[in-house]
Amino acid sequence: MAIEFTTSQFNALGALCSSQNVFLTGEAGSGKSFLIEHYMKDLNKKTFPILASTGAAAVIIGGRTFHSFMGLGIMEGGVDKTVERALKDKRVVNRIRKIKGFVLDEISMISEETFRAAEKICRLARNKDLEPWGGLRVIAVGDFAQLPPVQKRGLRKWIFQSDVWENSHFRVVQLKQNMRTSNNDFLKVLNSIRVGEVSEGVKDFLNERCLDPGEDFEGTRLFPRRFQAEKFNQSRLEKIDKKSIYFESSYTGAKRFVDILKKVSPLKEQIEVKEGALVMLKTNDPKQRWVNGSTGIIIGMSDGDLKVELLNGRMVNIERVTLSLYSPEGEVVASVTNFPIELAYATTIHKSQGMTLDTLYVDLSNLWEPGQAYVALSRVIDPDKLFIKSWTPSSIKADENVNRWYEDTV
């Protein structure tokens with residue numbers, strides 16, 4: 001099947017195929033992951049691995065975490081102590097010497113301190129102290145306007161504010177066409193919220209979408225906190241007057257790696273569902289019948305597969321999948337197999353990043369992080385399928401440093 005690229009995607013692909021360091025960015029839904037997946041299919045992942053900022057993201061993309069690959073640990077003692085420990089580990093030094101470069105996904109969630117430590121480790125491990133990253137090619141992917149890195153203390157410092165970023169000489173390439181929605185009025189609202197602007201148009205839109213979807217709402221609710229989502233999911237499942245069916249995940253690997261996988265995998269240890277339950281697909285389908293975040297109703301179950309009617313009307317059979325945890329060296333150390341689903345009545349805003357949701361109900365009051373409101377609202381394709389419980393202007397947050405950087409750079 002021939003792949004059609006937008007103009008900005010085609011230009012970005014040209015940059016990716018060059019020898020330069022690249023920062024691939026763009027608004028939510030612009031196709032960053034799609035483009036990287038296409039670019040990576042012909043690369044040797046042993047010499048050009050894909051690294052992720054979180055364990056959950058690493059499992060989904062079949063990659064390794066940035067922290068484990070670079071030997072960063074928990075950064076105890078700060079940058080200098082972290083670098084010192086990493087360079088004493090021969091495995092860290094050897095794997096950094098063997099690669100030609102790497103892709104770093106969801107870079108916005110990497111702290112400046114972490115970024116700085118990793119770059120120094122690469123320079124010293126490769127004995128090329130005068131070359132940024134020791135001569136490695138770096139392809140960074142992400143959107144600083146979405147969720148920020150976890151900040152342990154002090155004022156947040158973004159990686160683009162560091163001398164490491166400047167010395168890396170990233171060619172910044174922005175994807176400019178939204179692939180998730182083509183509704184221009186909705187895109188204008190999203191772009192305003194992305195920069196924290198509460199214009200009259202934003203107010204009108206949010207007020208118009210303050211609608212009660214009713215008790216029969218078949219869609220996903222976004223909550224700020226995990227316990228809220230889990231409690232709501234269970235309460236909705238209990239209302240279905242049918243017997244629960246349980247699917248146990250099967251694991252392979254040493255116990256210590258399985259324990260790690262259990263914490264980061266999107267496949268839960270046990271999946272409880274009922275016929276008639278609303279579920280969410282947690283992976284992208286290779287045949288493109290669904291994407292991460294697609295939702296539907298279970299209409300049939302067997303030990304071998306699940307029959308799901310997606311909310312777009314399509315009937316699909318869902319089979320078990322296997323996801324793996326990789327060692328920093330790229331070897332599979334643990335795997336989990338189960339159906340790639342979870343209850344879809346609710347999830348958190350943080351977990352929704354990267355998803356495309358069919359129908360959405362969200363409370364936009366009392367949010368506390370920049371980018372939270374933007375991430376929540378940009379999950380949905382059709383604004384007519386968006387319902388807002390309430391909102392407050394103070395929840396529409398953006399980091400001014402991010403805004404200025406995009407204005408000056410992109």
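Which side chains meet in a salt bridge at 2.8 Å, N to O? The legends below start with that pair. The model is predicted, so local features need pLDDT of at least 70 and side-chain atom pairs count only at pLDDT 80 or more, while totals for chains, interfaces and linings use all residues. Residues are numbered from 1 along each chain as its sequence is written, and side-chain values use heavy atoms, with hydrogens and water left out.

**View 1. Glu112 and Arg116 form a salt bridge in helix α7.** The side chains of Glu112 and Arg116 meet at 2.8 Å, N to O, where a salt bridge is a side-chain nitrogen of Lys or Arg within 4 Å of a carboxyl oxygen of Asp or Glu. The two residues are four apart, about one turn of the helix; helices (H or I, at least four residues) and strands (E, at least two) are DSSP runs, numbered from the N terminus. Glu112 is buried at 6% relative accessibility, whereas Arg116 is partly exposed at 32% (buried means under 20% relative accessible area, exposed over 50%, and partly exposed in between, with a 1.4 Å probe and protein chains only). Glu119, Arg123 and Asp129 are joined into one network by salt bridges that share partners.

**View 2. Lys120 pairs with Asp80 in a salt bridge.** The closest N and O atoms of this pair are 3.7 Å apart. Because Lys120 lies in helix α7 (residues 112-125) and Asp80 in helix α5 (residues 78-88), the salt bridge ties together parts that are 40 residues apart in sequence. Lys120 is partly exposed, with a relative accessible area of 29%, and Asp80 is exposed at 55%.

**View 3. Arg95 and Glu329 meet in a salt bridge.** The N to O distance is 2.3 Å. Arg95 belongs to helix α6 (residues 90-98) and Glu329 to the loop between β15 (321-326) and β16 (332-338), so the pair ties together parts that are 234 residues apart in sequence. Arg95 is buried, with a relative accessible area of 9%, while Glu329 is partly exposed at 37%. A search of the whole structure finds 17 salt bridges.

**View 4. Trp133 and His169 have positive phi angles.** Most residues other than glycine have a negative phi. Trp133, which is not a glycine, has a positive phi of about 60 degrees; this residue is found in the loop between α7 and β5 (137-141) and is buried at 0% relative accessibility. His169, also not a glycine, has a positive phi of about 55 degrees. His169 sits in the loop between α8 (163-168) and β6 (171-175) and is exposed at 60% relative accessibility.
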